[in-house]
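Work through these exercises with the sequence and the structure side by side. Try each task before you read its solution.

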Amino acid sequence: MKKVFVQLSLALALIACSGESIEDRLIEKPQTPQETPKKPETPETPKQPETPETPKQPDNPSKETGEIKVPLKLKAYYLGVDFTKAGNAFRDELAAHTIKKHHTFLGYGQRNQYLSKADADPAHRGNAILLYTGESRNYSSASVNTEHVFPQSKLSNAGQQKGDLHHLRACDKDVNSARGNLPFTQGSGRARKVGGGWYPSDEFKGDVARMVMYMNLHYNLPWDRISTSGVQLMLKWNAEDPVSALEQQRNNVIESAQGNRNPFIDNPYLATKIWGGNPAENTWK
């Protein structure tokens with residue numbers, strides 16, 4: 001018992017020396033929790049702009065991009081022409097080819113023996129389909145004569161251009177006279193005068209456009225001599241009025257006569273490749 005008393009006394013003495021009361025020593029002080037210092041927030045990395053998707057290639061490039069695939073029956077004729085070109089570069093190449101192929105320049109007096117076949121009505125022997133009216137009439141009739149779609153008075157070299165079959169058509173004599181040398185202009189319905197111009201009819205406006213474009217390509221004849229709205233009117237008609245069986249017949253007959261073809265009858269889209277404007281049907285795809 002004495003030993004326990006001595007140990008207790010010593011403990012009290014030590015506490016007194018430390019300056020703390022017995023109560024302070026015996027009561028457990030709550031610990032102040034230490035806060036972990038926060039790490040500075042790292043700024044968010046800005047998002048990179050999204051890369052746009054690569055446009056999908058069309059399933060049918062020939063349809064969407066105007067790829068040219070010359071038909072087998074015309075490959076020999078168009079051999080050497082680079083159909084990947086466009087604009088003036090393509091125009092120059094196609095013009096050079098068309099001129100080179102034109103090996104026989106016919107006199108105007110020779111026209112009848114070829115036009116009677118070129119404009120022939122397959123359903124009526126001896127008849128021709130007349131320009132502007134679409135009538136079938138005997139080619140030898142006194143009421144039928146020859147229309148220069150590009151008027152003689154506006155040609156730059158009548159001696160060479162007057163007999164080019166690609167712009168000559170069988171026509172009713174009175175209708176031919178009514179047209180005279182009027183420039184082509186916009187209209188609708190039947191062939192007739194419209195203002196100071198001539199509308200060739202809904203049925204033949206595409207035929208006229210392709211003949212006029214041929215004359216520009218071959219002879220570099222200016223648009224303002226033949227159209228009240230320049231090449232744009234011809235491109236519009238070329239797109240609106242598809243190539244007819246009669247035009248195809250004419251192209252074949254005329255090639256056999258003078259050596260060259262009207263490329264815009266073979267494929268109206270060739271005009272779009274050169275001059276743009278209203279897109280015509282691509283018949284080579």
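**Exercise 1: Thr146 and its surroundings**

Leaving aside neighbours within four places in sequence, Thr146 is in contact with Tyr108, Arg111, Asn112, Leu115, Tyr139, Leu168, Arg169 and Asn176. The model is predicted. Task: place Thr146 in its element, decide whether it is buried or exposed, and find the side chain that makes a polar contact with it.

Solution.
- Step 1. Find the element. Thr146 belongs to strand 3.
- Step 2. Check accessibility. The relative accessibility of Thr146 is 10%. Buried means under 20%, so Thr146 counts as buried.
- Step 3. Look for the polar partner. The side chain of Arg111 makes a polar contact of 2.9 Å with the side chain of Thr146.
- Step 4. Look across the chain. Cys171 is 25 residues away from Thr146 along the chain, yet their C-alpha atoms are 5.8 Å apart.

**Exercise 2: Strands 3 and 4**

Task: state in which sense strand 3 and strand 4 pair, and over how many bridges. Then work out which way the residues of strand 4 point.

Solution.
- Step 1. Set the ranges. Strand 3 covers residues 144-148, and strand 4 covers residues 168-172.
- Step 2. Read the pairing. The two strands run antiparallel and share five bridges.
- Step 3. Fix one matching position. His148 is opposite Leu168 of strand 4.
- Step 4. Sort the side chains. Leu168, Ala170 and Asp172 point one way, while Arg169 and Cys171 point the other way.
- Step 5. Check burial. Five of the five residues of strand 4 are buried, so the strand is largely enclosed by the rest of the structure.

**Exercise 3: Helix 9**

Task: find how many residues helix 9 has, how far it reaches, and what follows it.

Solution.
- Step 1. Count. Helix 9 spans residues 205-219 and has 15 residues.
- Step 2. Compare the span. From first C-alpha to last, helix 9 reaches 21 Å, close to the 21 Å expected at 1.5 Å a residue.
- Step 3. Check burial. In helix 9, 15 of the 15 residues are buried, so the rest of the structure largely encloses this helix.
- Step 4. Look past the end. Asn220 follows helix 9 and has a positive phi, near 60°.

**Exercise 4: His102**

Task: locate His102 and name the side chain with which its own side chain makes a polar contact.

Solution.
- Step 1. Place it. His102 sits in the loop between helix 5 (87-101) and helix 6 (112-118).
- Step 2. Check accessibility. With a relative accessible area of 4%, His102 is buried.
- Step 3. List the contacts. Beyond four places in sequence, His102 touches Asp164, Tyr214, His218, Tyr219, Gln258 and Asn260.
- Step 4. Pick out the polar contact. The side chains of His102 and His218 meet at 2.9 Å.

**Exercise 5: Positive phi in two loops**

Task: for Tyr132 and Ser201, give phi and the location in the chain.

Solution.
- Step 1. Take Tyr132. Its phi is near 80°, a positive value in a residue other than glycine. Tyr132 lies in the loop between strand 1 (127-129) and strand 2 (136-138).
- Step 2. Take Ser201. This residue is not a glycine either, and its phi is positive, about 95°. Ser201 is in the loop between strand 6 (197-199) and helix 9.
- Step 3. Check burial. Tyr132 is buried at 3% relative accessible area. Ser201 is buried at 4%.

**Exercise 6: Pocket and cavity**

Task: describe the largest pocket and the largest cavity by volume and by lining.

Solution.
- Step 1. Size the pocket. The largest pocket holds about 240 Å³ of space.
- Step 2. Find its centre. Of its 15 lining residues, Lys73, Val243, Gln248, Ile265 and Asp266 are closest to the centre.
- Step 3. Name the elements. Helix 4 (72-75), helix 11 (245-258) and helix 12 (263-266) each give two or more residues to the pocket lining. Helix 11 gives the largest share, three residues.
- Step 4. Turn to the cavity. The largest cavity has a volume of about 40 Å³. Arg169, Asp207, Met211, Glu247, Arg250 and Ile265 line this cavity. Helix 9 and helix 11 are the elements that give two or more residues to the cavity lining.

Definitions and conventions
Residues numbered from 1 in each chain as written. Predicted model: local features only at pLDDT ≥ 70, side-chain atom pairs only at ≥ 80, totals over all residues. Heavy atoms only, no water. Helix = DSSP H or I, 4+ residues; strand = E, 2+ residues; numbered from the N terminus. Buried < 20%, exposed > 50% of the residue type's maximum accessible area, 1.4 Å probe, protein only. Polar contact = N/O pair within 3.5 Å; in protein donor to acceptor, adjacent residues only side chain to side chain. Contact = heavy atoms within 4.5 Å. Pairing = 2+ DSSP bridges. Expected span 1.5 Å × (residues − 1). 1 Å grid on protein atoms, 1.4 Å probe; cavity = no way out; pocket = protein on both sides within 12 Å on 5 of 7 lines; lining within 4 Å. Points joined across faces, edges and corners; volume = space filled by probe spheres on them.
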